[in-house]
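This report describes the architecture of a single protein chain as it appears in the structure below. The account proceeds from strand pairing to individual residues, and then to a pocket and the overall fold.

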Amino acid sequence: MNSVQGLLAASVISIQNSCFIYPACQNCLSKLILDSRRFHCLKCGCTGEAKGASYRYRLSLKIADTNDLFDITVFGSCLDPFFGITAENLQRYIQDFNQLSGETNTESSTRALVHAVETCFIGKRFIFGV
């Protein structure tokens, strides 16, 4: 799963979704189902307290090389240098910010994060391991 078959130099055309961080199972890295108190992994059955959930980056991009368009998803800590922080810490920062600002509608902080990610990635050329 982590072996690189080839390298692709391509430019980012668009960000495909606004959810860059997801609660991830520590065993299998699948997305967790969270409720107010607990988490559950549908893939491996792992459960625990919601406050103990780990988070990972998941960035879905539309990219283009000189000939083709591709939809790719970049996962995990390889995105830490671009965000300047781990997904775990960014999630904590967003939660703390919303709580301290009294923000009940998280749409404005999500919009700001999406704008920052678009500014960082769209139009830039990267080498992707595929």
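## Pairing of strand 1

In this predicted model, strand 1 (residues 7-15) and strand 8 (residues 125-129) run antiparallel and are joined by five bridges. Two of the residue pairs can be named: Leu8 has Phe128 as its bridge partner in strand 8, and Leu7 stands opposite Gly129.

Strand 1 also pairs with strand 6 (residues 54-64), again in the antiparallel sense, over four bridges. Here Ser14 is the residue that stands opposite Lys62 of strand 6.

## The two faces of strand 8

Side chains alternate along strand 8. Phe126 and Phe128 point to one face and are buried, whereas Arg125, Ile127 and Gly129 point to the other face and are not buried. Phe128, on the buried face, is also the residue that pairs with Leu8 of strand 1. Gly129, on the other face, is the residue opposite Leu7.

## The open sheet of strands 3, 4 and 5

A three-stranded open sheet is formed in the order 3-4-5, with antiparallel pairing. Strand 3 (32-34) and strand 5 (47-49) stand at the edges; each has a single partner strand, so one side of each lacks a neighbour in the sheet. From one strand to the next, the twist averages 25°.

Within this sheet, strand 4 (residues 38-41) is joined to strand 5 by three bridges, and the two strands run antiparallel. Arg38 has Glu49 of strand 5 as its bridge partner.

## Selected loop residues

Three loop residues illustrate the connections between strands. Cys19 is located in the loop between strand 1 and strand 2 (21-24). Its relative accessibility is 41%, and Cys19 therefore counts as partly exposed, since that class lies between the buried limit of under 20% and the exposed limit of over 50%. The C-alpha atoms of Cys19 and Leu59 are separated by 7.7 Å, although the two residues are 40 residues apart along the chain.

Leu29 lies in the loop between strand 2 and strand 3. Its phi is near 70°, a positive value in a residue other than glycine. Leu29 counts as partly exposed because its relative accessibility is 37%. Arg37 occupies the loop between strand 3 and strand 4, and its relative accessibility of 67% is why Arg37 counts as exposed. Between the C-alpha atoms of Arg37 and Gly48, which are eleven residues apart along the chain, the separation is 8.6 Å.

## The second largest pocket

The second largest pocket has a volume of about 360 Å³. Its lining comprises 17 residues, of which Ile21, Gln91, Ile94, Thr106 and Thr110 are the closest to the centre of the pocket.

Which elements each supply at least two residues of this lining? They are strand 2, helix 2 (87-100) and helix 3 (107-121). Helix 2 gives the most, contributing four residues. By residue class, the lining divides into eight nonpolar, seven polar and two charged residues.

## Annotated region

An unreviewed UniProt entry carries the annotation "domain: Replication factor A C-terminal" for residues 9-95. In the model, the end C-alpha atoms of this span lie 35 Å apart. The span is 15% helix and 45% strand.

## Overall fold

The protein contains three helices and eight strands. Read from the N terminus, its elements follow the order β-β-β-β-β-β-β-α-α-α-β. The final strand of that order, strand 8, is joined to strand 1 by the five bridges described above.

The C-alpha trace spans about 50 × 35 × 20 Å along its principal axes. Of the 130 residues in the protein, 32% are buried; Phe126 and Phe128 of strand 8 are among the buried residues.

Key
Residues numbered from 1 in each chain as written. Predicted model: local features only at pLDDT ≥ 70, side-chain atom pairs only at ≥ 80, totals over all residues. Heavy atoms only, no water. Pairing = 2+ DSSP bridges. UniProt positions renumbered as here; feature names shortened; annotations may be inferred. Buried < 20%, exposed > 50% of the residue type's maximum accessible area, 1.4 Å probe, protein only. Axes fitted to C-alpha atoms, helices over the stretch in contact; angles between N-to-C directions. 1 Å grid on protein atoms, 1.4 Å probe; cavity = no way out; pocket = protein on both sides within 12 Å on 5 of 7 lines; lining within 4 Å. Points joined across faces, edges and corners; volume = space filled by probe spheres on them. Nonpolar A, V, L, I, M, F, W, Y, C, P; charged D, E, K, R; others polar.
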